[in-house]
Amino acid sequence: MPSAHVPVLAGEAIDLLDPRPGEVVVDCTFGGGGHARLLADRVGAEGLVIAVDRDPAARERFATFASQSPAPARFLRASFVEALAQLRAEGLRADLVLMDLGMSSMQVDTRERGFSYAFDAPLDMRMDPDQALTARDVVNGWDERRLARLLREFGEERYAARMARAIVRARARTEIETTNELVEVIAAAVPAPARFAAGHPARRAFQAIRIAVNDELAQLDAVLPLAWSLLREGGRFAGISFHSLEDRRVKRFLVERSRGCICPPDLPVCACGREPEAELVTRRSVAPTPGRSLPIRVLAPRGCAWPASSRRRRERHDPPPPARLGGRRAGAAASAPAPRVPPRLVHTARRLPDAPFVDRLMHGRLWVALIAAALIGIVFVQVSCSSSTPGSAGRSTASRR
Ligand SMILES: C[S@@+](CC[C@H](N)C(=O)[O-])C[C@H]1O[C@@H](n2cnc3c(N)ncnc32)[C@H](O)[C@@H]1O
């Protein structure tokens, strides 16, 4: 029996979404129902929980959930793209939409489904067992270039080309049927030092193949605008992503919705008149432990009552409110013209959080390397300055005397 699912970041996601009694909630990734349970408790008998999952095993768990839920509940077994399209066609408007992306722990723990490199099982990895494409088809059917691109792009795998070559050679002898066979081929393709370096050598390759089998990134790209269109005014959306490929997509979509003026930076006044559609509730992602990449991104369409501290001010359209000093309106100090910052600099600074470099920096360990390099640099400069200071050699000689 698979173990009961404890969702990661459940508390954080629910607090940020702030479900209220009577609200309509769509949980696009029901899984084990951990989030749905918390949402149902908060929306109560006047609310409604709509649960979506393409895995039939989730439907079985939903039956138990529905029998205990304080809120009325409905299940749609479908991809979230199909389900949300159906809900929109029905004219449903939601207060909350939640998406907890990736596979569930129950899917990983159900060995025979082949999601895990830790258990021997047939190469499957389908979230929806009714779909045709399996991991076996990908591993044995895709040509070497396509496999290498898959491992590189979806697995961000450094040894993608070597692994793809090894897979093609191995399957020329006999088809690769099981997870263990695939792990052996992949591990042998990785140089020995890297095999024991960071994590399991097959982790990234398994992630890449799973993403391809379940068409996860295309699903995500298609579902975000649908989720957006379902929200009523004052509604909230949260996306919990498991890896940077998902997070980048969610972040790009949400930042785009919350962006105001898009005029060229050197225009002195706004000519486009574009208004942000929503406000980002968290500017940064929320992660459970430092270094783990499971960010929650939450967005609230404009017009909803979020705490002022979590709102972003709309530069250009909304000037900041007058400053208050010591509880009294600050006259001259507040109204004195601020020093003029070049518009191009402001524009660049505003876009910095969306730059792929910054994204990588936040999700990878590059920042550790940068800090180490900076420290080494400081020590180096200190040492070279002290050795080149005139008289320093003389002084040390003198003190030795
Ligand atoms: C990380 S789990 C969600 C766990 C859930 N939040 C909980 O509290 O138990 C992701 C779930 O979403 C489902 N899923 C992933 N992609 C999907 C898609 N495109 N359409 C429908 N369901 C999907 C998976 O089958 C899996 O059950």
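Start by selecting helix α2, residues 34-43, in this predicted model. Its buried residues are G34, H35, A36, L39, A40 and V43. Show their surroundings and you will find that they pack against two helices, α1 (10-17) and α3 (56-68), and against the strands β1 (24-27), β2 (48-53), β3 (73-77) and β4 (94-100). Step off the end of α2 and you land on G44, whose phi is positive, near 70°.

Next, stay with strand β4 (94-100) and pick out V97. Together with V49, V97 touches the most other members of the largest nonpolar core, a set of 48 residues. Which residues does V97 contact, once its neighbours within four places in sequence are left aside? Select V26, C28, A227, L230, L231 and F237 to see them. There is also a second, separate core of 35 residues, and L123, A135, V138 and A212 are among its members.

A212 makes a good bridge to the next stop, as it belongs to the contact between α7 and α11. Show helix α7 (residues 144-155) with helix α11 (residues 203-213): their axes are 8 Å apart and the packing angle is about 100°. The two helices are therefore roughly perpendicular. On the α7 side, colour L150, L151, F154 and G155; on the α11 side, colour R204, A205, Q207, A208, I211 and A212.

Now follow the chain from α11 into the loop that leads to α12 (216-230), where D215 sits. Although D215 is not a glycine, its phi is positive, about 50°. Is D215 buried or partly exposed? It counts as partly exposed, because 15 C-beta neighbours lie inside 10 Å.

Compare M125, in the loop between α5 (105-109) and α6 (135-141). M125 is another residue other than glycine with a positive phi, near 70°. Here the count is 26 C-beta neighbours inside 10 Å, so M125 is buried. As background for both stops, most residues other than glycine have a negative phi.

Move on to helix α13, residues 244-257. Its end C-alpha atoms are 20 Å apart, which agrees with the 20 Å that 14 residues should span at 1.5 Å a residue. Select the buried residues of α13: E246, D247, V250, K251, F253, L254 and R257. Because they cover an arc of only 165° around the axis, they lie on the same side of α13.

Finally, zoom out to the whole protein chain, with its 18 helices and nine strands. Of its 401 residues, 36% are buried. Among contacts between residues at least 6 apart in sequence, 66% join residues at least 24 apart.

Definitions and conventions:
Residues numbered from 1 in each chain as written. Predicted model: local features only at pLDDT ≥ 70, side-chain atom pairs only at ≥ 80, totals over all residues. Core = buried A, V, L, I, M, F, W, Y, C linked by C-beta atoms within 7 Å. Buried ≥ 20, exposed ≤ 12 C-beta atoms within 10 Å, placed from the backbone. Contact = placed C-beta atoms within 7 Å. Helix = DSSP H or I, 4+ residues; strand = E, 2+ residues; numbered from the N terminus. Expected span 1.5 Å × (residues − 1). Arc of directions from axis to C-beta. Axes fitted to C-alpha atoms, helices over the stretch in contact; angles between N-to-C directions. Parallel < 35°, antiparallel > 145°, perpendicular 65-115°, else oblique.
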